[in-house]
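The exercises below are to be worked with the sequence and the three-dimensional structure at hand. Each task is followed by a solution that goes step by step.

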Amino acid sequence: MTIRAVLFDFSGTLFRLEHDSLTAHAELMRALTAPVGVAEGLDVDEAQWERRDLDPVVHRDLHLAVLAGAGAPDPAAFYANLCSPAFWQPYPDTAQALGTELPTAVVSNIAWDIRAVFARHGVEHRVDEYVLSYEEGFVKPDPKLFRVACDRLGVHPSEALMVGDSPEADGGAAAIGCAVEIVEPLPTGSRPDALLQVLRKHI
C-alpha cells in the first residue's frame with residue numbers, strides 16, 4: 001500500500017527534552033518522559049500515572065510530587081521548565097522529516113500544548129494536525145488516537161506511517177493497519193538522520 005500520510009510522535013522522536021540546567025537530573029528526566037508504564041525509581045500511584053496525559057491538573061500535581069520526592073529545590077520551577085518550549089530541542093533531521101509534502105500529524109501522549117515548541121523552531125506550518133491525548137481523551141497505544149489522526153488527514157490507516165520511539169505506545173498504530181517505524185530516543189547530537197532513514201524506506 002502506498003503511504004499517503006505520516007504520523008509522528010513528539011517526545012524522543014521529533015524533539016527531546018534537553019537543556020544544560022537539566023544535565024544533573026538526566027535519570028529523573030528519562031523517568032518522567034518514559035512513554036509507557038512507571039519508570040523504576042518513581043514513587044507514584046501507577047493508575048494515576050497512566051492517566052497523567054489525559055488531565056493537565058493531574059499531570060502537574062503528579063510531577064510536582066515526584067519532583068519534591070526526588071529533592072528538586074523548586075519543583076514548580078522545574079515543572080515549568082519541563083513544559084517550556086526552550087527546553088525541547090529538535091533532532092537534526094526534524095525539519096526535513098516534517099517537509100515530506102505528505103499530510104502530517106503529530107500524535108502524542110501529552111498534557112500540555114506542544115504547538116509552541118514547533119512554533120519556536122519555525123516548523124509549525126509543516127504539521128497539518130496535532131492529535132494530543134489530553135485534548136482527545138485517549139492515550140497511546142489506544143488505536144482510537146491513531147484513527148483520529150488518519151481521519152483528520154483523510155487517509156485510510158493502511159496508507160499511513162507512524163514514526164515513534166516506543167514499540168509499546170507508538171506500536172499501537174499497527175492495530176488499525178498503519179505501518180510503524182521505531183527510532184531510538186537518543187540525545188539529539190547522537191541521532192543525526194534516523195527520521196530520514198525510516199522515511200526513505202516508505203516514501
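**Exercise 1.** Determine how many of the five residues of strand E6 are buried in this predicted model, and establish which residues lie on each face of E6.

*Solution.* Begin with the count: E6 is mostly covered, since five of its five residues fall under the 20% relative accessible area that defines a buried residue. Next, recall that in a regular strand the side chains alternate between the two faces of the sheet. Sorting the strand in this way places Ala160, Met162 and Gly164 on one side, with Leu161 and Val163 on the other, and both faces of E6 prove to be covered.

**Exercise 2.** Identify the strands that pair with E6, and place E6 in the order of the sheet.

*Solution.* Take strand E1 (residues 5–8) to start with: four bridges join E1 to strand E6 (residues 160–164), and the two run parallel. Within this pairing, alanine 5 stands opposite alanine 160, while phenylalanine 8 stands opposite valine 163. Turn then to E7, which is likewise parallel to E6 and joined to it by four bridges; here the partner of leucine 161 is alanine 179. With both pairings in hand, E6 can be set within an open sheet of five parallel strands, whose order reads E5-E4-E1-E6-E7. The edges of this sheet are E5 (129–132) and E7 (179–182), each of which pairs on one side only, and the twist from one strand to the next averages 20 degrees.

**Exercise 3.** Locate lysine 140, decide whether lysine 140 is buried or exposed, and find which polar contacts its side chain makes.

*Solution.* In the chain, lysine 140 belongs to the loop that lies between helix H7 (133–136) and helix H8 (143–153). Its relative accessible area is 4%, and because the limit for a buried residue is under 20%, lysine 140 counts as buried. Now follow the side chain: a polar contact of 2.8 Å joins lysine 140 to the side chain of aspartate 9, and the backbone oxygen of valine 107 is reached at 2.9 Å. Finally, list the surroundings: leaving aside residues up to four places away in sequence, lysine 140 touches Asp9, Val107, Ser108, Asn109, Leu145, Phe146, Met162, Ala169 and Asp170. One of these, Met162, is also among the buried residues of E6 treated in the opening exercise.

Definitions and conventions
Residues are numbered from 1 along each chain as its sequence is written. This is a predicted model: local features need pLDDT of at least 70, side-chain atom pairs count only at pLDDT 80 or more; totals for chains, interfaces and linings use all residues. Side-chain values use heavy atoms; hydrogens and water are left out. Two strands pair if DSSP finds at least two bridges between them. Axes are lines fitted to C-alpha atoms, for helices over the stretch in contact, and angles run from 0 to 180 degrees between N-to-C directions. Buried means under 20% relative accessible area, exposed over 50%, partly exposed in between (1.4 Å probe, protein chains only). A polar contact is a pair of N or O atoms within 3.5 Å; within protein, one must be able to donate a hydrogen and the other to accept it, and residues adjacent in sequence count only if both atoms are side-chain atoms. Contact means heavy atoms within 4.5 Å.
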